[in-house]
Amino acid sequence: MGAAVVAGVTIIPTATSAYADVEKTKSEVAGGDGKQYWVENNLVGGKAAAANRQEAAGGQRPEYMVVWAGDENAADTAVPDVKNLPGSVTDDIGGKVRDALPGPDFMAVVDVTKGSPEYGKVVNTATVGPLVENEPHHMQYSWRKGDKIYAGGLYSAATYVFDVSALPELKLSGISLPSQTLCGSVPDAYWVLKDGTAYGTYMGGPVAPGPCRYSNGEVRTGNGFAGTPGEVVRLGPDAKNLVEAPAATETPEDPQQCLNMPALGQPSCANPHGIQAREDLNTMVTSDYAEPRDIILDPVKNPSPYLRRPTIRTWDISDRNHPKVKSVSYLPTGPRSGAEDPLRNENRAVMETTVTNQPGHKGAFAQTMQGGALYYTPDITVPNPEWKEIFDLSTSAPEFASPGENGGPSANGGWVQTSPDDKTLYHATIGRKAGTLGPNDKGTAGGVIALDVEKLVNSGENPQCSIDSPEEITAGGAESDCPTLKSTQAINPDKTGAGPHWGALDNLKKGDDGFYTETDQPSRLATANYFVARTGLDGDHKVCLVDIAQDGKLSLDESFKDENTGDTCISFNRDNWPHGPFGNAKPHSMLFVTNDEDIK
């Protein structure tokens, strides 16, 4: 393989790719700046290989997992480790000069067809360009037939829209650049509507500090890129910006809880991260996580715990092109909260929210990353939803063979998702690194938990569950409708703070006719053990599959093995990829998908 030019730097690979038979196809679109942007497929075995794989798998129609991953390089170094870098990134770093320089980010396509001889193998890496250092982050939470995939770059402030109708090949349908979303930055997550458009959360503030005018004519003043306030954007399947809607209210929010740096004249906690919607209820929910610039621009410990948000917003989306914030809810503190360290209070850093799904239900859940707690409200349609804490992660931490105690504070929970039938709540936690709470802190391990929430969701408008006593911190709620721990699956149980940040349910089921349909009884989920390297939560870059038994029990799929090492789970730390010997990569989010022609 010859030299590659990335971001103006000529990179000469120092090893030969292990993939000898790779066919390249390229899909390009013009960006809003007039430049060409692309996705280049690197199909192992070429286009014909997909048919051969299907034949080798006994004629089974293939199912794939797409994993949005970033190239690992010197820019991922956490601040405490910067002093250990060599004098120049062109110096020899353990024989891997190549790995210090930015390589292409990509969407990995993995064969996850049960019974396939290539189960767990990467069959394509679809690299994006010319942007590098996107820091690939989140996509939508699930995929349906005909959906495009919306995928964000945390650092590039770009949203890529991929066409996956002819897997394992991908095409680029469009790209949204920062110049198209001037009132927001730092895209995070997406919710795809039935018409194929998507709402996306842009966690950071306007690209330039000062007043910004949104699509509806409203004006909010922000403190700049990756600051506050963020927004919600509606994007078309071609990545065209249809709507920019302010997440900040017209009136000031709590000046203590909603600290901004630099300070805003009207304080705001509007930094939306998670997003889910109920189109049948014309309601959307977003969760505010943090003013992100301290993470992506100056990745040191936040100068104040009040830069991590305790707020959730509900939106009226009855007019899809004019979503409006109708409530801002401040999650309550819990029995272990205190003034000594507000960053560890139960309500701190509301990262994700998930709605219920069934027509008779109107509730939603939320989780806090630093707070290590789960919350619930029974009705997101009311003017001011009431949220209560319904589970503390101190209850589940011992199930992960954790060496430490006090499992809730800084449990670093992430992905949370209700099952399609609203009976189970799935939640991924990284765990807490040893020493986070002080020199004697042994830390906690991470994994995935499954909570039985059927009684809570069916309790109607007045659920009784509330974690409000010291005993309930580790024993679970005392009320009869509180969630109970159905099952747990540890990921990296021997390490603290190295569990999964993200997950995805496999909502596809193969029928007797060989075609796939959507199911409300998922039989497996996937996890990714990576957050954001600059924060120090780098993980081991592995993607695992977890089986879900009929009784709800979770178990690691030990047949899902790395094609290079033979170890359970596939590692994105490897020398070679189909697109070349670019070294380690960082898998952040994933989706289960199949060809449009293979799903009914």
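E471 is exposed in this predicted model, with a relative accessible area of 56%; exposed stands for over 50%, buried for under 20% and partly exposed for the range in between, with a 1.4 Å probe and protein chains only. E471 sits in helix α5 (residues 470-475), where helices are DSSP runs of H or I with at least four residues and strands are runs of E with at least two, numbered from the N terminus. Although E471 and P335 are 136 residues apart in sequence, their C-alpha atoms are 9.1 Å apart in space.

Because this is a predicted model, local features need pLDDT of at least 70 and side-chain atom pairs count only at pLDDT 80 or more, while totals for chains, interfaces and linings use all residues. Residues are numbered from 1 along each chain as its sequence is written, and side-chain values use heavy atoms, with hydrogens and water left out.

Strand β18 (residues 283-288) offers a contrasting environment: six of its six residues are buried, so the strand is largely enclosed by the rest of the structure. In a regular strand the side chains alternate between the two faces of the sheet. Here T283, V285 and S287 point one way, M284, T286 and D288 point the other way, and all are buried. Strands count as paired if DSSP finds at least two bridges between them. β17 and β18 run antiparallel and are joined by six bridges, with R278 opposite T283. Their hairpin has four residues between the strands, and N282 takes a positive phi near 50° there. β18 is also antiparallel to strand β19 (residues 311-316), through five bridges, and T283 stands opposite D316 of β19.

β17 also takes part in a pocket. The second largest pocket holds about 730 Å³ of space. Of its 26 lining residues, S142, R144, W191, N357 and E518 are the closest to its centre. On a 1 Å grid over the protein atoms alone, a pocket is an open set of points with protein on both sides within 12 Å along at least five of seven lines, and lining residues have an atom within 4 Å of a point. Points are joined across faces, edges and corners, and the volume is the space filled by probe spheres set on them. β11 (185-192), β17 (272-278), β25 (413-418) and β29 (502-505) each contribute at least two lining residues.

Turning to the interior, the largest nonpolar core has 51 residues, of which M65 and F572 touch the most other members. Strand β33 (residues 542-548) gives the most to this core, with five residues. A nonpolar core is a set of buried Ala, Val, Leu, Ile, Met, Phe, Trp, Tyr and Cys residues joined through side-chain atoms within 4.5 Å. A second, separate core of 30 residues includes V109, A158, L172 and Y516.

Some backbone details complete the picture. Most residues other than glycine have a negative phi, and most peptide bonds are trans. A cis peptide bond joins G129 and P130, with omega about 5°; P130 lies in the loop between β7 (122-129) and β8 (149-153). The bond from M261 to P262 is likewise cis, with omega near -5°, and P262 belongs to the loop between β16 (241-246) and β17. S410, not a glycine, has a positive phi of about 55° and is buried, with a relative accessible area of 3%.

Definitions and conventions: On a 1 Å grid over the protein atoms alone, a cavity is a set of points where a 1.4 Å probe fits but cannot get out, and a pocket is an open set with protein on both sides within 12 Å along at least five of seven lines; lining residues have an atom within 4 Å of a point.
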